[in-house]
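Biologist: I would like a close look at a single part, beginning with how its strands are joined, and then a careful account of what else can be read from the rest of the chain. Please take your time, since I am new to reading structures.

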Amino acid sequence: MRITRYPSRRQWPQLALRPQEDSAAVADRVSEIINAVRLGGDDAVRKIAAQFEKSAPNSFAVSESEINAAIDAVPDELKRAIETAAGNIRRFHAHSTGIAKEIETSLGVFCSRKWQPIDTVGLYIPAGSAPLFSTVLMLAIPANIAGCREIIICSPPSATGSIDAATLFTASLCGVSKIFKIGGAQAIAAMAFGTETIPRVDKIFGPGNRFVTEAKLQVLRFSVAIDMPAGPSELLVIADDGCRPEFVAADLLSQAEHGPDSQVILLTDSETTAFRVASCIEDQLRNLPRRTIAEKALENSRCIILSSIDECIQFSNLYAPEHLILALRNAEDAAENIVNAGSVFVGDFACESAGDYASGTNHTLPTAGAARGFSGITTESFMKTITFQRITREGIAGLAPTIEKMAAAEGLDGHRLAAAIRRGGVAE
C-alpha cells in the first residue's frame with residue numbers, strides 16, 4: 001500500500017478516486033450484449049456464455065434433482081453455519097418499517113401510504129473467482145420477508161456446467177423460486193427482458209463486476225428497476241494508535257482478496273500505526289491463498305496519514321465507502337459523525353466479514369461513492385409504496401382554493417377546474 005502523509009484538502013478528491021478502467025469500452029460491449037439478448041433470447045445468451053463464461057449449458061434451469069444432490073453434498077457443519085447466519089439476517093430484516101398509517105393533513109383530507117411487495121425479483125449471485133452463496137442469504141431472505149411472489153436467481157456456472165452446492169442449498173433454504181445457470185451482463189439482460197426460459201423480472205438485485213454493474217445501469221432505460229450501483233468491493237478503515245494493527249491488516253486483506261479491482265483505504269493520525277499495519281499486511285499476505293489477487297488490489301489502495309481523527313472522518317464522508325471500520329478508542333462517539341457509508345463496523349472486534357456473513361445486516365451495499373445517495377439492501381428494497389388520498393366534500397371545499405391558485409399560477413387551467421368544479425365553482 002502506498003502511504004501518503006498529510007495531504008492538503010485540495011488533494012483529497014484525487015485521493016478519493018476509485019480504480020478506473022475504460023468505461024466507454026465496457027459500456028459499448030455491454031450495450032451489444034443487452035441488444036443481442038433482447039432480440040435473440042436464449043440463443044443469444046448461450047452464444048455469449050460460450051464466448052465469455054466457463055460453461056454454456058444446454059439447459060439454463062437448475063433441476064430439482066440438482067438441488068437435492070447439492071443439499072446432500074453440503075457438509076452438515078456448513079449447513080448449520082448457513083442456518084445460523086440466516087437466522088440472524090432474518091431477525092434483523094424482519095423489522096420492517098412498512099407500516100401503513102393514514103394521516104389527516106388538513107380537515108377532511110386523509111393521506112396514507114401502502115407498502116406493496118414487488119411481484120417478481122431477480123437476484124444476481126456472483127461466482128467468478130469464488131461462489132458467493134452468502135449473497136443468496138442477503139438478498140433472498142429480505143425478498144421472502146417482503147412477500148415477493150417470485151424470486152429468481154441467476155449465477156454463473158462452473159466449468160462443469162453446475163452451480164456451487166452451497167449456493168443451491170442456501171437458495172432452497174431461503175425460498176427461491178427458480179435458479180438459472182447464467183452469469184455476466186447476459187444474465188442481467190435475460191432477467192430484464194425475459195427469454196424463452198428466464199422470466200422477466202420487475203427489479204434486479206445483486207453485486208457484480210463492472211460488466212454486471214454497467215448492465216444493471218443500462219437496463220434502467222427499459223423500465224426495469226435495480227437496487228443500486230454495486231461494483232467492486234471496497235473498505236475504508238479509520239484507526240488510531242490504540243488499534244490492534246493485526247486486526248486492521250486482516251480486515252484490509254479480507255476485502256483486497258475479493259478481486260484485483262477492489263480497493264482498501266487506511267486512514268490514521270498515527271505514523272506508527274500506519275507502519276505497524278503495513279508490516280502486519282506483509283506478514284499475513286505470505287499465507288493468504290488468494291495472495292496474488294490481494295496484491296493486485298493493494299496496488300489500487302493506499303494509507304493516508306492525516307492530522308487528526310476528525311480529519312479522517314471528514315475524508316471518509318467524502319469517500320463514502322461501501323464498508324467502514326472504526327478501529328478507534330472512542331469508536332461509538334466517532335460513529336455519530338458518519339454521514340456517508342454503506343455499512344459501519346464499530347470497534348476493534350467488529351470485523352467486516354461479520355457483516356459479510358452473519359451479523360444480520362446486509363453485504364449488498366453501494367460502492368464507488370454511491371453511499372452518498374444510496375442505501376444498502378433492506379426488506380423495503382423489495383417493496384414499493386403506493387400513496388392514497390381520501391378527500392371528503394368538506395375536505396375539497398377547504399383545499400380547492402389552494403389548488404386553484406397554484407394551478408392558475410402555473411397556467412394549468414384544467415387542473416384548476418378539476419378542483420373548482422368539486423366545490424361548486426368554475427370561474428376564476
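Modeller: Two strands are said to pair if DSSP finds at least two bridges between them. The model in front of you is a predicted one, and by that rule strand β2 and strand β3, which covers residues 109-117, are a pair, joined in the antiparallel sense over three bridges. Within this pairing, E104 stands opposite F110 in β3. The two strands belong to an open sheet of three strands in the order β2-β3-β14, with antiparallel pairing. At its edges are β2, residues 103-106, and β14, residues 383-391, each of which pairs on one side only. Neighbouring strands of this sheet are turned by 30 degrees against each other on average, when direction is ignored. Helix α15, residues 393-409, packs on the sheet and touches β2, β3 and β14, while its direction makes about 95 degrees with that of β14.

A second sheet makes a useful companion to this one. This open sheet has six strands, with the order β1-β11-β10-β9-β12-β13 and parallel pairing. Its edges are β1 (2-5) and β13 (343-346), and because each has a single partner strand, one side of each is left without a neighbour in the sheet. On average, and ignoring direction, neighbouring strands here are turned by 15 degrees against each other. One of its pairings joins β10, residues 263-268, to β11, residues 302-305, in the parallel sense over four bridges, and T268 stands opposite I305 in β11.

Helices lie across this sheet as well. Helix α10, residues 271-285, lies across β1, β9 (234-239), β10 and β11, and runs at about 145 degrees to β10. Helix α12, residues 309-319, lies across β9, β10, β11 and β12 (323-327), and its angle to β9 is about 165 degrees. Helix α9 adds to the picture, for what covers its buried residues includes β9, β10, α10, α11, β12 and α14. This helix, residues 245-256, has 12 residues and reaches 16 Å from its first C-alpha to its last, close to the 16 Å expected at 1.5 Å a residue. Nine of the 12 residues of α9 are buried, so the helix is largely enclosed by the rest of the structure; among the buried ones are P245, V248, D251 and L252.

From here we can turn to the interior. In soluble globular proteins, nonpolar side chains tend to be buried together. The largest nonpolar core in this model has 39 residues, and those with the most contacts inside it are V121, L123, L137, I153, I179 and F382. At least two residues of this core are supplied by each of α3, α4, β4 (120-124), α5, β5 and α6, and its largest share, eight residues, comes from α5. Apart from this core lies another, of 29 residues, which includes V45, A190, I198 and I226. Returning to I153, and not counting residues up to four places away in sequence, we find that its contacts include L123, I125, V136, A171 and I179.

Since A171 has just been named, consider helix α6, residues 165-173, whose buried residues are A166, T167, L168, F169, T170 and A171. The elements that cover these buried residues include α3 (64-73), α4 (76-93), α5 (134-146), β5 (150-155) and β6 (178-181). The N-terminal end of α6 is capped by D164, with a side-chain oxygen 3.2 Å from the backbone nitrogen of A166, and just after the helix G175 takes a positive phi of about 75 degrees.

On the α3 side, A70 lies in that helix and touches A165 and L168, leaving out residues up to four places away in sequence. The cut-off for buried is under 20% relative accessible area, and A70 counts as buried because its value is 5%.

A last residue can be read in the same manner. Q218 lies in helix α8, residues 210-219, and is classed as buried because its relative accessible area is 6%. Leaving aside neighbours within four places in sequence, Q218 is in contact with A27, V30, S31 and I34. Although Q218 and I34 are 184 residues apart in sequence, their C-alpha atoms are 8.3 Å apart in space.

Technical notes: Residues are numbered from 1 along each chain as its sequence is written. This is a predicted model: local features need pLDDT of at least 70, side-chain atom pairs count only at pLDDT 80 or more; totals for chains, interfaces and linings use all residues. Side-chain values use heavy atoms; hydrogens and water are left out. Buried means under 20% relative accessible area, exposed over 50%, partly exposed in between (1.4 Å probe, protein chains only). Contact means heavy atoms within 4.5 Å. A polar contact is a pair of N or O atoms within 3.5 Å; within protein, one must be able to donate a hydrogen and the other to accept it, and residues adjacent in sequence count only if both atoms are side-chain atoms. A nonpolar core is a set of buried Ala, Val, Leu, Ile, Met, Phe, Trp, Tyr and Cys residues joined through side-chain atoms within 4.5 Å. Axes are lines fitted to C-alpha atoms, for helices over the stretch in contact, and angles run from 0 to 180 degrees between N-to-C directions. The expected span of a helix is 1.5 Å times one less than its number of residues.
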